[in-house]
Amino acid sequence: MFLSRKSKGFFIDVNDHAVMMARTSSTEAPFTIEEVRECKAGDAAAFKEAVTQLQAKKSSGGYMQATVGIYPKKGLLRRHSLEVKRLKEPEYINEVLSQQLRIERDKFIVHIINATDGADYDLGKSTLKEAIFCGLPVADLNSTQDALLEAGVYPLAIELGSLSTLGALTNHLIGTKTRTPTLVLEIGIEATQSFIVSANGVEASRPIPQGLDSMVPVVQKELGLKDEEAARRLFYSNTFDFTGMGPLLIKRLLKELQSSIGFYEVQTGQSVGQVICTQLLPKLGWLETAIATSLGLGALKLEPAAWLKEHQISLSESAAKTVQESRWLGLLSLMAFYSPAHAAATEEKK
């Protein structure tokens, strides 16, 4: 489907906590982010209404054509060391998927990219050992497409939001000449995706089976509440300050993170120096502080306007006021194009 540069661009990021949307002045940079909107995750009616409101011109029964980032619960985004000598064996990749990554190949869409630059991994020619396996269940993709169409959205592309976010962070570290490995956390309701990235790309990845819901029993116990449902309502509300309880709430998650970081630092000789949580709502922002303090790390703070400017993307006054938090990075990362060649060109200009 061909879209002219004069067409408005639309981008949607759907995570466990929120659905974030943007309208841009064009489909290709240079362009301006004209308007952004947000609604609660899982609220189909609110999503559909936000889609209608975001469209600059009301179409007669037409769909809003958008690039969409998603974070499927059973999504695959894992760095893996390949045996290069076995790449030409017909069953080798299927063996990796089934035995190492525990993936049912016939039920998944899988793509392999280079761990360093995100380019397609050439199984026939590549001599690179480190690769990233990306994918999601076919059933999840189908249900996502159905939900988007129901809301009035025709997806021009559906991307793994984690992958585009990690690409943006790597690009940011290159542009700012930051060599410090960074811990990236996507803390969801049921699980947490943990990554370590640097200017060299994705260094490590690990899914952790503890999310926000795993903290609810601790809230119930510490506050003496009658049941978990009461604890859950309080935890997800904006009426109680959990900052002081932070170390207790993240105790299980912290143990897993310390294990991951320790293994990485022993293997590479590099020290992780900062952390960023990319999806947390403002009312849960204390979690990033608690994690950073407990791990002895700094918190990575991004300046969206400066990063977007490097990619010929500007912000309207209203959008600039909204997208200051790290949780908007997933949406913004869908808009920019970057590659090793682009990074090199950016460095030369500086």
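Begin by selecting the charged side chains of this predicted model. The protein chain carries 38 positive and 40 negative side chains, and the centres of these two sets lie 2 Å apart.

Next, display the whole chain as a C-alpha trace. Along its principal axes the trace spans about 55 × 55 × 45 Å. A cartoon view then brings out 13 helices and 14 strands in the protein chain. The radius of gyration is 21 Å, close to the 20 Å that the globule rule gives for 350 residues, so the chain is as compact as a globular protein of that length.

Switch to a surface view. The protein chain exposes about 17500 Å², of which carbon and sulfur atoms supply 51%. Of the 350 residues, 47% count as buried. Contacts may be shown as well: among those between residues at least 6 apart in sequence, 64% join residues at least 24 apart.

Now select residues 286-295, which form helix H9. Which residues of H9 are buried? They are Trp286, Leu287, Glu288, Ala290, Ile291, Ala292 and Leu295. Because seven of its ten residues are buried, H9 is largely enclosed by the rest of the structure.

Keep those buried residues in view and add the elements against which they pack. Three of these are helices: H6 (228-236), H7 (246-249) and H8 (251-268). The others are strands E9 (182-187), E12 (274-277) and E13 (298-299).

Finally, move to Gly296, the residue that follows H9. The phi of Gly296 is positive, near 70°.

Methods:
Residues are numbered from 1 along each chain as its sequence is written. This is a predicted model: local features need pLDDT of at least 70, side-chain atom pairs count only at pLDDT 80 or more; totals for chains, interfaces and linings use all residues. Side-chain values use heavy atoms; hydrogens and water are left out. Buried means under 20% relative accessible area, exposed over 50%, partly exposed in between (1.4 Å probe, protein chains only). Helices (H or I, at least four residues) and strands (E, at least two) are DSSP runs, numbered from the N terminus. Contact means heavy atoms within 4.5 Å. The radius of gyration is taken over C-alpha atoms; the globule rule is 2.2 Å times the number of residues to the power 0.38. Accessible areas come from the Shrake-Rupley method with a 1.4 Å probe; for residues, only the protein chains shown count as cover. Lys and Arg count as positive and Asp and Glu as negative; His and the chain ends are not counted. The place of a charge is taken as NZ of Lys, CZ of Arg, CG of Asp or CD of Glu.
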